[in-house]
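The following exercises concern the sequence and the structure displayed below. Each task is followed by a solution in steps.

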Amino acid sequence: MEIFLIKALQLILSLSILVFLHEGGHFFFSKLFGVRVEKFYIFFDWKFSLFKFKPKNSDTEYGIGWIPLGGYCKIAGMIDESFDTEQMKKPAELWEFRRKPAWQRLLIMIGGVLVNFLLALFIYSMILFYWGESYIPVKNMSLGMKFNQEAKSYGFQDGDILVGTETKAFKEFSGNLYRDISEAHRVDIIRDGKPMSIALPGDLNLLNMIKADPAFVRPIIPAAVDSVLPGSPAAKIGMQKGDKILAMNGKPVDSYNTFSDLLAHRADMLAAAASPADSLKARTVTLVYGTDAKADTAKVVLTSDLKLGFMVKTLPALYEPVTVEYGFFESFPAGIKYGWDVLASYVGDMKYVFTAEGAKSVGGFGAIGNLFPAAWDWHIFWQMTAFLSIILAFMNILPIPALDGGHVLFLLYEMITRRKPSEQFMVRAEYVGFGILVLLMVVANLNDILRWLGYM
């Protein structure tokens with residue numbers, strides 16, 4: 001429960017910041033061009049609001065709604081998600097959105113997206129300035145990588161050290177490494193101390209590479225015990241720091257990766273268990289463990305979630321991270337480049353959303369909340385906030401009615417053709433767009449529920 005609350009609080013705080021500044025972008029340009037803003041709300045206030053106030057001599061009511069699905073800036077004389085068509089039947093006033101030139105209305109509509117994008121670049125810059133950039137170069141991972149069968153079919157072998165592709169060197173082990181491999185026609189490696197190259201088709205399915213079990217590529221982590229949890233199955237059979245898992249149920253274990261893969265097979269058995277006896281059988285394994293000089297064999301019953309109860313060294317403990325520090329002015333070009341790369345990667349990956357597997361990968365608030373850590377970490381919090389700001393900017397600029405991008409599309413049409421879409425058309429388009437958004441939200445959050453129930 002505590003972990004849930006910490007993640008939920010981080011998500012709510014992050015979304016509150018992003019929604020406030022997004023709507024603030026619309027608000028700023030509205031005020032700049034003399035357009036009246038009737039309401040400025042964080043979250044939606046359907047039926048009632050948690051808090052609201054209207055300053056004296058102000059046309060704007062400020063408030064906080066109770067539905068944390070976004071926010072809105074109700075601009076006078078504009079057809080939006082409030083569907084206030086009564087106002088549109090009256091003669092247009094000078095201070096209304098509809099009376100302003102198309103270029104001013106365009107700036108008002110892109111104001112939120114512009115703020116979110118600039119905010120992300122600013123946050124990334126400040127992250128680099130305050131924390132710097134710390135990573136483990138892939139070429140320094142001297143133990144090499146563990147590959148699945150698909151990767152081995154292209155010529156990779158366990159223990160290969162990845163160097164780069166025909167276009168660039170690999171930087172760190174992250175989603176970008178998968179992306180680079182998926183687009184590469186050649187991957188340079190070091191095998192047994194000798195440089196080599198592996199030819200690839202250049203169009204591997206990135207989503208399948210990441211979702212494969214086991215994954216396409218993972219850094220090798222030794223199956224060596226770094227610590228043992230008190231009272232765990234490992235402690236009960238006498239495992240100690242420095243011991244290695246050598247075999248499980250007669251199958252050799254050459255790394256912690258292999259050990260995890262073998263446990264994954266036991267998880268399938270446990271899921272299919274029809275009785276307590278079947279469950280016990282799935283949880284019972286025979287281990288060979290110890291040192292090169294002395295090995296022991298023991299039958300052990302794993303925990304209900306198939307844990308043995310020992311820890312191995314993490315990548316930062318195995319390899320020395322490289323830290324790059326940035327001065328205040330140096331951080332801005334670096335942050336802009338970092339943010340632009342994030343946006344380019346996100347946009348490039350959108351093609352997978354329109355596949356069957358991609359649709360299953362779409363997540364709602366549960367999936368977004370799980371991106372935040374279980375313990376409060378300001379570094380990760382601001383990284384995730386910057387990432388969500390970029391997503392919010394991109395999603396809002398999509399040409400879907402009810403989103404900023406839909407309004408921008410109609411405004412561009414008006415500026416090009418010198419013809420303004422009818423108010424009846426705009427209302428109908430708003431309803432269609434709103435329906436699409438509701439459907440997408442239902443699908444995304446339904447995916448979260450199905451994943452939680454174990455059906456996906």
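**Exercise 1. A network of salt bridges**

Task: In this predicted model, determine which residues are linked with Lys146 in a network of salt bridges.

Solution. Step 1: The network consists of Lys146, Lys152, Asp158 and Asp254.
Step 2: Within it, the side chains of Asp254 and Lys146 form a salt bridge, with an N to O distance of 3.1 Å. This pair joins distant parts of the chain, 108 residues apart: Asp254 belongs to the loop between strand E11 (251-252) and helix H8 (256-271), and Lys146 to strand E4 (residues 145-147).
Step 3: The two partners are then classified by accessibility. Asp254 has a relative accessible area of 54% and is therefore exposed, the cut-off being over 50%. Lys146, at 8%, counts as buried because its value is under 20%.

**Exercise 2. Two further salt bridges**

Task: State how many salt bridges the count gives, and classify Asp45 and Lys39 as buried, partly exposed or exposed.

Solution. Step 1: The count comes to 15 salt bridges.
Step 2: One of the pairs is Asp45 with Lys39, whose side chains meet at 3.4 Å, N to O. Asp45 has a relative accessible area of 14% and is thus buried, while Lys39, at 24%, is partly exposed.
Step 3: Arg98 and Glu96 form another salt bridge, at 2.6 Å from N to O. Here both Arg98 and Glu96 are buried.

**Exercise 3. The packing of H1 and H14**

Task: Describe how helix H1 (residues 2-32) packs with helix H14 (residues 378-396), and give the handedness of the crossing.

Solution. Step 1: The helices pack at an angle of about 45°, and their axes are 10 Å apart. Because of this angle, H1 is oblique to H14.
Step 2: The crossing of H1 and H14 is right-handed.
Step 3: From H1, the residues in contact are Gln10, Leu13, Ser14, Ile17, Leu18 and His22. From H14, they are Trp378, Phe381, Trp382, Thr385, Leu388, Ser389, Leu392 and Asn396. Sorted by class, the contact of H1 with H14 comprises 8 nonpolar and 6 polar residues, with no charged ones.
Step 4: A general point bears on such lists: an α-helix has 3.6 residues a turn, so residues three or four places apart point the same way.

**Exercise 4. Pro219 and helix H5**

Task: Locate Pro219, and identify which elements the buried residues of H5 pack against.

Solution. Step 1: Pro219 lies in strand E8 (residues 217-219). At 11% relative accessibility, Pro219 counts as buried.
Step 2: Apart from its neighbours within four places in sequence, Pro219 is in contact with Met141, Gly144, Met145, Phe173, Asn257 and Leu315. The C-alpha atoms of Pro219 and Ile161 are separated by 9.2 Å, and these residues are 58 apart along the chain.
Step 3: In helix H5 (residues 175-183), the buried residues are Leu177, Tyr178, Arg179, Asp180, Ile181 and Ser182. The buried residues of H5 pack against strand E5 (161-165), helix H6 (206-211), E8 and helix H11 (328-349).

**Exercise 5. The chain as a whole**

Task: Give the number of helices and strands in the protein chain, and the percentage of its residues that count as buried.

Solution. Step 1: The protein chain has 16 helices and 15 strands.
Step 2: Of its 456 residues, 42% count as buried.
Step 3: The C-alpha trace spans about 90 × 50 × 40 Å along its principal axes.
Step 4: Among contacts between residues at least 6 apart in sequence, 63% join residues at least 24 apart.

Terms used: Residues are numbered from 1 along each chain as its sequence is written. This is a predicted model: local features need pLDDT of at least 70, side-chain atom pairs count only at pLDDT 80 or more; totals for chains, interfaces and linings use all residues. Side-chain values use heavy atoms; hydrogens and water are left out. Axes are lines fitted to C-alpha atoms, for helices over the stretch in contact, and angles run from 0 to 180 degrees between N-to-C directions. Helices (H or I, at least four residues) and strands (E, at least two) are DSSP runs, numbered from the N terminus. Angles under 35 degrees count as roughly parallel, over 145 as roughly antiparallel, 65 to 115 as roughly perpendicular and the rest as oblique. A crossing is left-handed if the near helix is turned anticlockwise from the far one by less than a right angle, and right-handed if clockwise. Contact means heavy atoms within 4.5 Å. Ala, Val, Leu, Ile, Met, Phe, Trp, Tyr, Cys and Pro count as nonpolar, Asp, Glu, Lys and Arg as charged, and the others, Gly among them, as polar. A salt bridge is a side-chain nitrogen of Lys or Arg within 4 Å of a carboxyl oxygen of Asp or Glu. Buried means under 20% relative accessible area, exposed over 50%, partly exposed in between (1.4 Å probe, protein chains only).
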